[in-house]
Every structure is written in C-alpha cells, then in structure tokens.
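Work through these exercises with the model open beside you. Try each task before you read its solution.

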Amino acid sequence: MDFKSLMSAQIARSKPPVSKSSSSPSPTPDSPASTAANKYVRRADLEASRQAEYLAEQARLSAEREERLSKKRKLEEEEAERNARREEKLRKLAEDSRRRREEEEKEEERRRRKRLGLPEAPDQPALEDGGMETGEAGTGETGEDIPDDELRNKLREINEPVTLFDEDHSARLRRYYTLTRMAVTASSQKLSNGPIPTTLEPVEEKDMLLPSTLALQPGTEEYAFLHRQLASYFTLLLTEWSHALAERDASVKQSSSGKAAYNSYLVVLKDLTPLFRHFEKQSLDRDLLEPICKIVRSAQKRRYVEANDEYLTLSIGKAAWPIGVTMVGIHERSAREKLHESSSGKQAHIMSDEVTRKFLQSIKRCISFAQTRWPPEDLGQLMG
C-alpha cells in the first residue's frame with residue numbers, strides 16, 4: 001500500500017460521520033442555484049423602486065391631509081351656521097323683550113294717566129327700518145342728519161338711552177326725532193293744574209255763568225265754550241272743596257268722619273274724570289248735556305232746590321215705576337203701556353251704565369258741597 005492511500009484512509013477515519021437527517025448537499029459552484037444567488041441588481045432599479053415608494057407615501061399623506069381639511073371646513077361651516085342661528089335667536093329674543101318692555105311701559109303709563117285723570121297719551125309711531133328713507137346726503141323724512149357724537153349728546157340731554165341693542169345711526173336718528181316730536185305734541189296739549197287735569201283752557205270766574213239759552217249745536221264756538229264753562233265750574237268747585245278739607249284741624253282730619261270726608265272727595269275726583277274726558281272730546285250725549293247745564297246753572301244762581309229737582313229728573317226720570325203686580329189677567333189694563341215707555345226725558349239715564357251713574361252721583365255731591373260753600377240768601381233753597 002502506498003503512502004497516498006494510507007493518508008486517505010487516515011483522513012477518512014478522522015472525519016465525523018455524516019448524519020442521515022442532514023440537508024441536501026450544498027450546490028456546487030456550477031449548479032443553477034449558485035448562479036441565481038450570485039445574480040446582481042442594478043442601482044437604477046433600486047432608485048426607481050425607492051422613488052415609487054416615496055410617491056405612494058406622499059399620495060397617501062396628501063389624501064389624509066385633504067380629508068382632515070375637508071372635515072375641518074365642514075366643522076367650521078357647521079359652527080358658523082350654529083352661530084348664525086344663535087345670533088338670529090338672540091336678536092329675536094331682544095326684539096321681543098324690547099317690544100314687551102315697551103308694551104308694559106305703555107300699559108303702566110296708561111294706568112298712571114287713568115289714575116291721575118290725564119288724557120290718553122298719543123301713540124308713538126313704530127321705529128321700523130323703512131320708517132326713514134336716507135338719501136345721498138344722509139337725511140330722512142324726519143329731518144336732517146346729525147353727526148353721531150352730537151346725536152348721542154342730544155339723547156343724553158333729554159335723559160334717553162344713548163344707544164339700544166343692535167341700533168345703528170339711522171335707527172338712533174329716527175328715535176331722536178320721534179322723541180322730540182312727541183315732546184312737541186305733549187307740550188302743545190298743556191294740561192291744567194286743577195284737581196282733575198284737562199286740556200280745556202279754563203275761563204275766568206266771571207265768564208263761568210251759563211246763559212239761559214244754551215248753544216247745543218256741535219261744531220260751533222259757543223258749543224266748545226260751553227264745555228269749557230262746565231269744566232271750569234267743576235274745577236273751581238273741586239278746588240274750593242280741597243281747600244276746605246285742607247283747612248280743617250288736625251284732630252278733625254284724623255277722626256273717622258274726617259277720613260270719610262276725604263275719601264268721599266277722592267271718589268268724586270275719580271268718578272268725575274270720565275265727565276271731563278267727555279268735555280274735552282265734546283262727546284257728551286245731548287240728553288245728558290242739557291240737564292247737567294240746568295243743574296249747573298241753578299247751582300250758580302244758588303237755587304239748590306231747583307238743582308236737586310233737575311238732578312232727580314235726570315237720575316230717576318219721569319217714567320212710571322211698576323210697583324206690585326202689573327199683570328193679573330189676560331186682559332190689557334189701561335195705561336199699562338206707559339210702564340215700558342222709553343221716550344226722551346222719561347227714561348232714567350242713571351240706569352244706563354255704571355260710569356254715567358257714578359259721575360251723576362258725584363255731581364250731586366258737588367251740589368251738596370256748593371250749598372255749604374256758597375249758601376243761598378233764601379234759606380228755602382237749601383236742600384234737605
């Protein structure tokens with residue numbers, strides 16, 4: 001055996017045995033797998049692949065960004081719409097609140113004027129947006145334009161709010177001219193300083209005496225002067241009544257009878273106020289005006305019994321009053337139709353309505369006071 005074979009046998013014995021579960025033999029350098037593993041890739045292909053991945057990532061990010069922006073725009077539009085609805089609701093609430101406040105103020109003013117016996121206040125024209133047309137120079141139908149600073153100072157001078165909620169310059173200008181026009185109207189209707197304020201101009205005491213023949217033709221100067229005479233006479237009588245009550249001693253004022261007399265005076269003032277309103281409007285019915293003139297004329301002449309008779313004729317009337325049984329059978333009795341007559345002068349006006357009944361009773365109380373303030377020369381003319 002040569003040396004070569006000995007060495008090969010020795011090397012074979014020194015090698016570990018090959019396990020059966022080992023993998024397949026590795027490919028030889030000349031096999032196809034070794035050829036595929038050793039295949040190279042070009043740099044241009046790697047750069048193109050990287051650029052394609054980058055563009056895809058950028059497109060994905062751009063799509064996400066556009067989606068976020070669209071959602072944001074949608075949220076902003078919804079928020080703007082909610083704000084617009086909220087502003088519109090607040091504007092309507094403020095307008096309703098302002099309208100209710102004005103109505104409450106008007107109602108309170110109406111009750112105050114009614115309580116004090118003042119005439120009804122003139123209606124304030126509505127301050128609408130189209131109420132004053134503004135031209136090129138900024139002037140409207142109500143007057144010339146006023147700078148805003150000067151307009152605010154003018155509103156402060158008349159003790160009015162400088163600006164209202166959601167009020168612009170044109171609305172503020174309309175409000176100022178409306179307030180000044182109302183002030184001029186109120187000053188033109190000056191009220192008297194009597195116990196019952198009235199717009200009728202009072203006449204002198206020497207001109208209060210009513211003539212024997214009355215001018216009852218509406219629309220004439222004599223007819224208007226007649227109402228002024230009546231209002232002036234009752235104003236004089238009520239003024240003297242208030243002075244008589246004020247001149248009493250303190251002990252008399254605090255007594256029950258003194259308080260009752262003062263309350264009676266207040267009731268007369270309240271009940272005569274509608275009569276003064278009729279005098280102002282010259283709307284008193286002729287069937288009432290003529291008897292009241294007769295009562296006043298008799299009282300002015302200090303013939304209080306005649307005045308009382310005229311009052312009884314006016315209040316009770318001359319109509320027959322049915323007493324007892326008026327229908328006892330099927331046959332009509334003589335003069336039975338007179339029980340239901342309602343011709344002029346036979347029906348009692350005091351039964352017509354509550355307001356008329358009250359101011360007629362107040363006239364009777366005024367006559368009762370007049371005979372104590374201006375007693376007659378003939379004691380037979382004193383009422384019982």
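**Exercise 1. The length of a helix**

What should the 15 residues of helix H9 (residues 286–300) span at 1.5 Å a residue, and how far apart are its end C-alpha atoms?

*Solution.* Note that this is a predicted model. Step 1: the expected span is 1.5 Å times one less than the number of residues. Step 2: for the 15 residues of H9 this gives 21 Å. Step 3: the end C-alpha atoms of H9 are 21 Å apart, so the two values agree.

**Exercise 2. The surroundings of H9**

Find how many residues of H9 are buried, and what covers them.

*Solution.* Step 1: apply the cut-off; buried means under 20% relative accessible area. Step 2: count; 11 of the 15 residues in H9 are buried, and the helix is mostly covered. Among them are Leu-288, Leu-289, Ile-292, Ile-295 and Val-296. Step 3: look at the cover. It includes helix H6 (221–246), helix H8 (256–281), helix H10 (304–315) and helix H11 (354–373).

**Exercise 3. The two ends of H9**

Describe what Asp-285 does at the N-terminal end of H9, and which phi Arg-302 takes just after the helix.

*Solution.* Step 1: start at the N-terminal end. Asp-285 caps it, with a side-chain oxygen 3.2 Å from the backbone nitrogen of Asp-287. Step 2: go past the other end. Arg-302 sits in the loop between H9 and H10. Arg-302 is not a glycine, yet its phi is positive, about 65°. Step 3: check exposure. The relative accessible area of Arg-302 is 35%, so this residue is partly exposed.

**Exercise 4. A second positive phi**

Where is Asn-159 placed, and is this residue buried or exposed?

*Solution.* Step 1: Asn-159 lies in the loop between helix H4 (148–157) and helix H5 (169–188). Step 2: its phi is near 60°, a positive value in a residue other than glycine. Step 3: Asn-159 has a relative accessible area of 70%, so it is exposed.

**Exercise 5. The nonpolar cores**

Identify the residues that touch the most other members of the largest nonpolar core.

*Solution.* Step 1: this core has 42 residues, and Leu-238, Leu-272, Leu-275, Ile-292, Phe-359 and Ile-363 touch the most other members. Step 2: trace the helices. H6, H8, H9, H10 and H11 each supply at least two residues. H6 gives the most, with 10 residues. Step 3: take Ile-363 as an example. Leaving aside neighbours within four places in sequence, Ile-363 is in contact with Phe-234, Leu-272, Leu-275, Ile-292 and Ile-295. Step 4: another core, of seven residues, lies apart from it; Ile-146, Leu-151, Leu-173 and Tyr-177 are among its members.

**Exercise 6. Salt bridges in H3**

How many salt bridges does the structure hold, and why are Arg-98 and Glu-102 separated by about one helical turn?

*Solution.* Step 1: the structure holds 25 salt bridges. Step 2: Arg-98 and Glu-102 form one of them, at 2.8 Å from N to O. Step 3: these two are about one helical turn apart because they are four residues apart in helix H3. An α-helix has 3.6 residues a turn, so residues three or four places apart point the same way. Step 4: at 26% relative accessible area Arg-98 is partly exposed, and Glu-102 is also partly exposed, at 32%. Step 5: follow the shared partners. Salt bridges join Glu-95, Asp-96, Arg-98, Arg-99 and Glu-102 into one network.

How values were computed. Residues numbered from 1 in each chain as written. Predicted model: local features only at pLDDT ≥ 70, side-chain atom pairs only at ≥ 80, totals over all residues. Heavy atoms only, no water. Buried < 20%, exposed > 50% of the residue type's maximum accessible area, 1.4 Å probe, protein only. Contact = heavy atoms within 4.5 Å. Polar contact = N/O pair within 3.5 Å; in protein donor to acceptor, adjacent residues only side chain to side chain. Core = buried A, V, L, I, M, F, W, Y, C linked by side-chain atoms within 4.5 Å. Salt bridge = Lys/Arg side-chain N within 4 Å of Asp/Glu carboxyl O.
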